[in-house]
Amino acid sequence: LPGGFIGVHSGLVVAARTESELASVIAHEIGHVTQRHIARMLAQQRQSTPAVVAAMLLAALVARSNPEAAVGAMTMAAGAQQQQMLAFSRDAEREADRIGLDTLRGAGFDPTGMVDFFGRLQQANRLYDGNAPAYMRSHPLTVERIADMRARIRDERYRQRVDSIELRLLRARLGVLGNTGVDALRASRARLERGLRDRSEPDEVAAWFALAVTALAQRDFPVAQDAVESVRARLPGSHPYVERLAGEIRLAQGDARGALSIAQTASRRFFGARALSHLQARALIEMGELQQAATFLEDQLALYKADPALWQLMSRVRSGLGQTALAHRAVAEEYALVGGWLAAVEQLRLAQRAGALDFYTASEVDARLREFQAEYAREQQDRARNR
């Protein structure tokens, strides 16, 4: 995205069979960012626009004497610009492939992960690859990209990269939550239980974790709890993801105190795991300990001010305490972190009108209001410039 942001869809995590495959896609996108492809594309569009406008004016001049020639001139000008942009896009993709492969190597991942992922991409898009001409594509033919990558890694030694436990657990969770319909959850649970019973699951830890997530989504708390215990038994030292899931099960059962105990104990073992901080704050809110939750969240925000989830929890706490102005301020910070500058400005104005702010906080709100207004104005200028 403009500004160098890279969005990762949950489907990509599920589709990647290895961590190197997932990393290869991220590395490719990093190549787009480092080579400033979006900025260069916009600059090229601006350079070609005057020629298109000139062709349109010429077509308008000859329209009375020869309407067919006018239509032809306009079509040719638009087609030439489109073809120029498609060619630029294909070249940018090839460059991102090359830069991405170097980035992948430098990060210690297996470069064959890029080839493997392209292979599955080709299989998924085989009908499109077979019918669309190369000159009409925004990306090069997948078969060309695979051949190029294979040529670049032909003489490299095989580099084994073991998948991290984080990817294994995250992929298991997202695989379940991708479809939470009743039938989908039932089918997923039946498949997992059959695989665990037959010992045919290649990754038992991830399978038990997925079963716990599935059972929780079905609100079958005993099965979910047993599955979590099975993960703990197979994963020495446990993991923040597992402890958070155990706490979520307690919260769903209405046992906020039990969830708080899990979160506090796990936080001492896994210092800095923000998912556990979120769980602890949610448990305190469910228990009605709003002042304690506010103090805890203030400490967390001092460390992780750019975490929108913490600001969202803080807004709930401030609202529950009747501190309307501070609740609006927290919502404003959450909106600002996700790019909602105009909404953030409106929330700060509501905070100012609500009053009840001390001098220091009111001054801070004023300063943040000016910052958000400036960011919103800058965003509007960028949009106008890129039209």
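This text walks through a predicted model, from the overall fold to single helices, residues and loops.

Begin with the whole chain. The protein has 19 helices and zero strands. It counts 387 residues, and 40% of them are buried. Look next at how contacts spread along the sequence. Take the contacts between residues at least 6 apart in sequence: 64% of these join residues at least 24 apart.

Now turn to one helix pair. Two packed helices are described by the angle between their axes and the distance between the axes. Helix H9 covers residues 182–198, and helix H10 covers residues 204–217. Their axes come within 10 Å and cross at roughly 145°. The crossing of H9 and H10 is left-handed. From H9, the residues in contact are Leu185, Ser188, Arg189, Leu192, Glu193 and Leu196. They meet Glu204, Ala207, Trp208, Ala210, Leu211, Thr214 and Ala217 in H10. Sorted by class, this contact has eight nonpolar, two polar and three charged residues.

The loop between H9 and H10 holds Arg199. Arg199 is not a glycine, yet its phi is positive, at about 55°. Its side of the story is exposure: Arg199 has a relative accessible area of 68%. That value lies over the 50% cut-off, so Arg199 counts as exposed.

Stay with H10 and pick out Phe209, which lies in this helix. Why does Phe209 count as buried? Its relative accessible area is 2%, and buried means under 20%, so Phe209 qualifies. Leaving out residues up to four places away in sequence, Phe209 touches Leu169, Ala172, Arg173, Val231, Tyr241, Val242 and Leu245. Ala224 is 15 residues from Phe209 in sequence, and their C-alpha atoms are 8.9 Å apart in space.

Leu169 and Ala172 lead to helix H8, where both are buried. H8 runs over residues 165–177 and has 13 residues. From first C-alpha to last it reaches 18 Å, close to the 18 Å expected at 1.5 Å a residue. Ile165, Leu167, Arg171 and Val176 are also among the buried residues of H8. Which helices do the buried residues of H8 pack against? The partners are helix H1 (10–15), helix H2 (19–34), H9, H10 and helix H12 (240–252).

H12 brings up another loop. Ser238 sits between helix H11 (221–234) and H12. Ser238 has a positive phi of about 60°, although it is not a glycine. Is Ser238 buried or exposed? Its relative accessible area is 13%, under the 20% cut-off, so Ser238 counts as buried.

Move further along the chain. Helix H14 spans residues 274–287 and contains Ser277. Ser277 has 7% relative accessibility and counts as buried. Not counting residues up to four places away in sequence, Ser277 touches Phe296 and Gln300.

Helix H15 (residues 290–303) contains Leu297. Leu297 is buried, with a relative accessible area of 0%. Beyond four places in sequence, Leu297 touches Ala281, Leu310, Leu313, Met314 and Val317. Take Val317 from that list. Val317 and Leu297 are 20 residues apart along the chain, and their C-alpha atoms are separated by 9.2 Å.

Next comes helix H17 (residues 324–337), which holds His328. The C-alpha atoms of His328 and Arg318 are separated by 8.7 Å, with their positions 10 residues apart along the chain. Setting aside neighbours within four places in sequence, His328 is in contact with Gln347, Leu350 and Ala351.

Two of these partners, Gln347 and Ala351, are among the buried residues of helix H18. H18 covers residues 341–354 and has 14 residues. Its reach is 20 Å from first C-alpha to last, close to the 20 Å expected at 1.5 Å a residue. Trp341, Ala344, Val345 and Leu348 are also among its buried residues. Seen down the axis of H18, the buried residues fall within an arc of 165°, so they line one face of the helix. Just after H18, Gly355 takes a positive phi of about 70°.

How values were computed: Residues numbered from 1 in each chain as written. Predicted model: local features only at pLDDT ≥ 70, side-chain atom pairs only at ≥ 80, totals over all residues. Heavy atoms only, no water. Axes fitted to C-alpha atoms, helices over the stretch in contact; angles between N-to-C directions. Helix = DSSP H or I, 4+ residues; strand = E, 2+ residues; numbered from the N terminus. Left-handed = near helix turned anticlockwise from the far one by under 90°. Contact = heavy atoms within 4.5 Å. Nonpolar A, V, L, I, M, F, W, Y, C, P; charged D, E, K, R; others polar. Expected span 1.5 Å × (residues − 1). Buried < 20%, exposed > 50% of the residue type's maximum accessible area, 1.4 Å probe, protein only. Arc of directions from axis to C-beta.
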